Amino acid sequence: MKLDYQKITSKVYADIIAKENHGKVPDYIPELACIDENKFGVNFTDLKHNSFGCGDSEEKFSIQSISKVFALSFVYEKLEEKLWERVDVEPSGSAFNSLIQLEADNGIPRNPFINAGALVICDILLEICNNPKEELLSFIRNLTEDEEIFFNEKVASSEMQNSFRNAAMCNFMKSFGNIKNKPDSVIELYCHLCSIEMTCKQLSKSFLYLANEGKKPSGGMQILSSSKAKRINAILLTCGFYDESGEFSFLVGLPGKSGVGGGIIAIYPQHYCITVWSPKLNEKGNSYRGMKFLEEFTTLTGESIF
Ligand code: DON
């Protein structure tokens, strides 16, 4: 039977909004703490160009760690498999900003989605690009087919002023030789990357290449080889939610990525991308309503990669 995704999305949205909203907006980046915690948006976009949303789906928010997926895709296409000499592909089982495994692992981050891994990716961007910020923005604008995507300078500088853990990680990895540039330059790029603002609708469209064997569905431009797209989906499934990746895989069953801005993207390969935004986070730093929404959505569709 053909599923009516629009009906399912609206039903789940109505169910979740009727329930109490738990969790907490993060306050370690002061600029992010100002957000209205009851914002709630969802967008569903598939490879046949069907797209629809509910609630605040066309309002921009801070995508934070979701941008790590764009940065990884950009770098992977350029560096090929040599990339994995500097960052591993193992779930860390610890918090996104944890430092504890780095010493035992000789400064090699467990995966590209924990902060340590994303800092190494930013270091590589500084090595391979003339203007990493602009090149990354144009990479995302091309995926989204929308020029209206920018950094939020206030959020970036708010985070830079409070980047003590990330600075510690970056300096520590430099002591192992796994950061080549000045730690300050790496942090500056990392905080800008996290400050990018997009809507749920833009995010769903931009990530369709991961549902489509590495190709943009409109125009067919190959962003990544199909093997690399498959591998990124594998890392999303095992590492996209830090120490809640197992839970997301268990309850939702799709590759996905969260950010502390309250966004979550989830990909159903060969079919669609769905994005949820709700700023209150659970104790693992993932959107409370985002997790609940996707759990119910995949329960009703019966669709997962398993
Ligand atoms: O490094 C940080 O603290 C943030 N700017 C990004 C972290 C993030 O989004 C973690 N995700 N759930």
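Reader: Which residues surround the ligand?
Author: Heads-up: this is a predicted model, in which local features need pLDDT of at least 70, side-chain atom pairs count only at pLDDT 80 or more, and totals for chains, interfaces and linings use all residues. Numbering starts from 1 along each chain as its sequence is written. A residue counts as near the ligand if its C-beta atom, placed from the backbone, lies within 6 Å of it. Around the ligand you'll find Gln-64, Ser-65, Phe-96, Asn-97, Asn-115, Glu-159, Asn-166, Cys-194, Ser-258, Gly-259, Val-260 and Gly-285.

Reader: How many residues of that shell are polar?
Author: The sorting puts Ala, Val, Leu, Ile, Met, Phe, Trp, Tyr, Cys and Pro down as nonpolar, Asp, Glu, Lys and Arg as charged, and the others, Gly among them, as polar. That leaves 3 nonpolar residues and 1 charged, and the polar count is 8.

Reader: Where does UniProt put its "binding site" feature?
Author: Bear in mind that the entry is unreviewed, and that such annotations may be inferred rather than shown by experiment; positions follow the numbering used here, with feature names shortened. The record lists Ser-65, Asn-115, Glu-159, Asn-166, Tyr-190, Tyr-242 and Val-260.

Reader: Is Asn-166 buried or exposed?
Author: Asn-166 sits in helix α7, residues 164-175 (helices, H or I with at least four residues, and strands, E with at least two, are DSSP runs numbered from the N terminus). Buried takes 20 or more other C-beta atoms within 10 Å of a residue's own, exposed 12 or fewer, and partly exposed is in between, with C-beta atoms placed from the backbone. Asn-166 has 23 such neighbours, so the verdict is buried.

Reader: Which residues does Val-260 contact, leaving aside those within four places in sequence?
Author: Val-260 is in the loop between β5 (256-258) and β6 (263-268), and is buried. Contact means C-beta atoms, placed from the backbone, within 7 Å. On that basis its partners are Pro-26, Gln-64, Ser-65, Leu-281 and Gly-285.

Reader: How many residues of β6 are buried?
Author: Gly-263, Ile-265 and Ile-267 point one way, while Ile-264, Ala-266 and Tyr-268 point the other, and all are buried. The strand is largely enclosed by the rest of the structure because the buried count is 6 of the 6.

Reader: In the hairpin of β5 and β6, which residue takes a positive phi?
Author: Strands pair if DSSP finds at least two bridges between them, and β5 and β6 have 3, in the antiparallel sense. One bridge links Ser-258 to Ile-264. Between the strands are 4 residues, and the one with phi near 100° is Gly-262.

Conventions: Two residues are in contact if their C-beta atoms, placed from the backbone, lie within 7 Å.
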